[in-house]
Amino acid sequence: MLAHVNRYLPKHDPRRQALDRIAGHHGERLLNEPKALKGHARRNARWHAQREMVLSAQHAANSQRRRDLIRLRTFRNLLLGGIAVFAVIGIGLGVLGSFSPTTIPLCFTPEAEGSVTVVCPRAETPLGPVSADGDLDPAIARTATGGDVWLVELIGLGAALAGAAALRNLGSNSTPYAVPVTLAFFKLPTGAVTAVVGLLLMRADFVPGLSALDSSAQILGWAVVFGIAQQLVTQFADSQAAGLLENVKGRGAAGDRQLRGE
């Protein structure tokens, strides 16, 4: 009981302090003369009060562990909801790109030596010299394909596995909720969506100097970069998961480890 209470109650908790005093006072007597102590307990009202204090501390420790498990389960459920949301967004972007490639074209129009080329993830179309007021939309419509968005999402999803590898630091746990595995699955659709959104921002000239990628290989390379960059989006979830798992483990055998958030 002393080890269990020390693991889940802080040092300043009065129930833990009372249990420490009771254990120190009666521990040796209980080991050396259990029968005499038992008979003495029947006649001693103070012993019954101390027993109630011991049970109260045990109940408080159990309640704290249950609260930590409930927080962990709630966080796991939020991750499952996030997986569903990002999966729906990714599938929606892919379907939209399949039926209407020009709605969200992931294409660029770099210019080199007066010659313009339409570059998409799966194809390139050289146009030659184009006037300043020339309309490039028809060329983009010819070059863009229905599989562009799906290809970028697939590469972003694969790149997200690199971020999922960082979850090895969370280690294993004895809880019934596979939070590290759920967190790894959460990163996959997030990486697919961030790959598409990142390229859209580049195409919108959101990043100065990176608005005209020169080849399909460069587009796919940046999809890898944005897929890994999902770690910036999911970093808070990683930190929250680490804190919750550490709290569930308690304060260690000595009961002196400080928990996250204290």
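Which two residues form a disulfide, and how far apart are their sulfur atoms? Select Cys107 and Cys120, whose sulfur atoms are 1.9 Å apart, a disulfide being a pair of cysteine sulfur atoms within 2.5 Å. A search of the whole structure finds one such link, and with 105° about the S-S bond it is right-handed. Cys107 lies in the loop between helix H4 (45–99) and strand S1 (111–112), while Cys120 lies in the loop between strand S2 (115–119) and strand S3 (124–128), so the disulfide ties together parts that are 13 residues apart in sequence; helices (H or I, at least four residues) and strands (E, at least two) are DSSP runs, numbered from the N terminus. Both cysteines are buried, where buried means under 20% relative accessible area, exposed over 50%, and partly exposed in between (1.4 Å probe, protein chains only).

This is a predicted model, in which local features need pLDDT of at least 70, side-chain atom pairs count only at pLDDT 80 or more, and totals for chains, interfaces and linings use all residues. Residues are numbered from 1 along each chain as its sequence is written, and side-chain values use heavy atoms, with hydrogens and water left out.

Turn next to the aromatic rings, which give two pairs; rings of Phe, Tyr and Trp (its six-membered ring) pair if their centres lie within 6.5 Å, and planes under 30 degrees apart count as stacked, over 60 as edge-to-face and the rest as tilted. Select Phe86 and Phe186, whose ring centres are 5.9 Å apart with planes at 80°, so this pair is edge-to-face. Phe86 sits in helix H4 and Phe186 in helix H7 (residues 179–203), 100 residues apart.

Finally, select Trp222 and Phe226, a tilted pair with 5.7 Å centre to centre and 35° between the planes.
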